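Me: Could you walk me through this protein with me? I would like to ask about its overall fold first and then look at some of its strands.

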Amino acid sequence: MPNSFNAIRSRRETLQLAGALGASLALPAALSAQTASKPVPPLRPVRTTELARGLEHPWALSFMPDGRMLVTERAGTMRLLSADAKRVEQVKGVPDVYSVGQGGLLDIAVSPDFGRDNLVYLALAQPTARGARTAIVRAELQGSTLRNHQVIFGQRQDPGGGYHFGCRLALTRDGLLYAGLGDRYSQKDRAQDLTSHFGKVIRIRTDGSVPTDNPFANTAGALPEIWSIGHRNIQGAALHPATGALWTHEHGAQGGDELNIPQAGKNYGWPVITWGVDYGGAKIGEGTSKPGLEQPLYYWDPSIAPSGMAFVTSERYTGWKGSLLVGSLKFRQLVRLDLDGPRVIREERLLSSLGERIRDVRQGPDGILYVLTDAPDGKLLRIEPA
Ligand SMILES: [Ca+2]
């Protein structure tokens, strides 16, 4: 089994040795792998209010500037909720999805300029003649209808099977779109292959074109959308509110769920290195570290099955500003990570008493936090200081 404490200790010893030798040892941007000591129970009580129920396996929540909410449902439907969630409409014009296993309608991101352009971005498993691929569709929301659909990205390969589509989206203010893509499980070795979109973070412009400064834009044979490689199944993505950097998390196999800050052209290791093992306990790849491959910022062992991610910028929660929230499907909790720059200094587990799989977490324009629960009768909950 992976032993994170040894990893931390061996890094400290390396630093001490380097110091003793008078050597300058540049710290890698992602530092070394780290798991926290035991997660702590809630430090302060929170109150949850159920705003809506009857959502069918809701997957993602995105806010419009006026506080209205769009919620995707995995089977391929979408709801538009009024800001108080009292009115719920079915959105028309949702694109066809491959609703098999983990596939279906996945993430949604409302344009930062929605008031001007009415655009929304959908990540979905899209059916093809041979199987399915993860695709990103841009459409205008007019009233409660999506119109003028454009597929702005589609994975190059499209095998069958219903696992590991990813996909989470992060839109920047200057017109870039990051997407975290899964390895499709059967294609895991291709997470290392620059001719495949499996197991990658991609970076495109919001019209689907490829920025010329992408790290592999001038590499012969490489797919130019690729930003970083060696990911397994990304289920959370958010831009850091101060640095603007993309943060992601991904599911490992048994143990080894990871938090990363994917940087241009870097390799995050899957399936060559991982802090997890295969289901059943068999070793995966070559171990936990290898020169040239990035260590995660943080990892969970046992796996929590993370889903959804939001930085807290709100002042409304004492002690929470600047922390990172991550839903847990497996442990049925909301995880709050206290950060010191890129290091996790404490992990707090919230909402345990609800017993709900947490699929998504977002901060609304009102500075309040909202979560979606994963169930046939899924809920939208508001989280407030008690
Ligand atoms: Ca990794």
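Here are my questions, each with a reply.

Me: How many helices and strands does the protein have?
Reply: Happy to start there, and please keep in mind that this is a predicted model. The secondary structure of the protein comes to 2 helices and 24 strands.

Me: What radius of gyration does the protein have, against that of a compact globule?
Reply: The C-alpha trace spans about 65 × 55 × 40 Å along its principal axes. For 386 residues, a compact globule would have a radius of gyration near 21 Å, so the value for the protein agrees with that expectation. The protein has 20 Å.

Me: Which residues have the most contacts inside the largest nonpolar core?
Reply: Of the 386 residues of the protein, 45% count as buried. The largest nonpolar core has 86 residues. Those with the most contacts inside this core are Ala-179 and Leu-325.

Me: Which residues does Ala-179 touch, leaving out those up to four places away in sequence?
Reply: Ala-179 belongs to the largest nonpolar core, where Ala-179 and Leu-325 have the most contacts. Leaving out residues up to four places away in sequence, the residues touched by Ala-179 are Ala-123, Ile-136, Phe-153, Gly-166, Cys-167, Leu-169 and Ile-202.

Me: Are the two faces of S19 covered or uncovered?
Reply: Strand S19 takes in residues 324–328, and 5 of its 5 residues are buried. In a regular strand, side chains alternate between the two faces of the sheet. On one side of S19 are Leu-324, Val-326 and Ser-328, on the other Leu-325 and Gly-327, and all are buried. Both faces are therefore covered, given that a residue with 20 or more other C-beta atoms within 10 Å of its own is buried.

Me: Which strands stand at the edges of the open sheet that contains S19?
Reply: The open sheet has 4 strands in the order S18-S19-S20-S21, with antiparallel pairing. Two of these strands each have a single partner strand, so one side of each is left without a neighbour in the sheet. Neighbouring strands of this sheet are turned by 25° against each other on average, direction ignored. The strands at the edges are S18 and S21.

Me: Which residue in S20 stands opposite Leu-324?
Reply: S18 and S19 run antiparallel and are joined by 5 bridges, with Phe-311 opposite Leu-324 and Ala-310 the bridge partner of Leu-325. S19 also pairs with S20 in the antiparallel sense, over 5 bridges. In S20, the residue opposite Leu-324 is Leu-337.

Me: Which residue takes a positive phi in the hairpin of S19 and S20?
Reply: This hairpin has 4 residues between the strands. A positive phi near 55° is taken there by Arg-332.

Me: Which residue in the turn between S22 and S23 has a positive phi?
Reply: S22 is mostly covered, with 5 of its 6 residues buried. S22 and S23 pair in the antiparallel sense over 5 bridges, and the bridge partner of Ile-358 is Thr-373. The two strands form a hairpin with 5 residues between them, and the residue in its turn with a positive phi, about 75°, is Gly-367.

Me: Does Ala-253 count as buried or exposed?
Reply: Ala-253 is found in the loop between strands S15 and S16. Among the residues that Ala-253 touches are Val-277 and Tyr-279. Because Ala-253 has 22 C-beta neighbours inside 10 Å, it counts as buried.

Technical notes. Residues numbered from 1 in each chain as written. Predicted model: local features only at pLDDT ≥ 70, side-chain atom pairs only at ≥ 80, totals over all residues. Buried ≥ 20, exposed ≤ 12 C-beta atoms within 10 Å, placed from the backbone. Pairing = 2+ DSSP bridges. Core = buried A, V, L, I, M, F, W, Y, C linked by C-beta atoms within 7 Å. Contact = placed C-beta atoms within 7 Å. Axes fitted to C-alpha atoms, helices over the stretch in contact; angles between N-to-C directions. Rg over C-alpha atoms; globule rule 2.2 N^0.38 Å.
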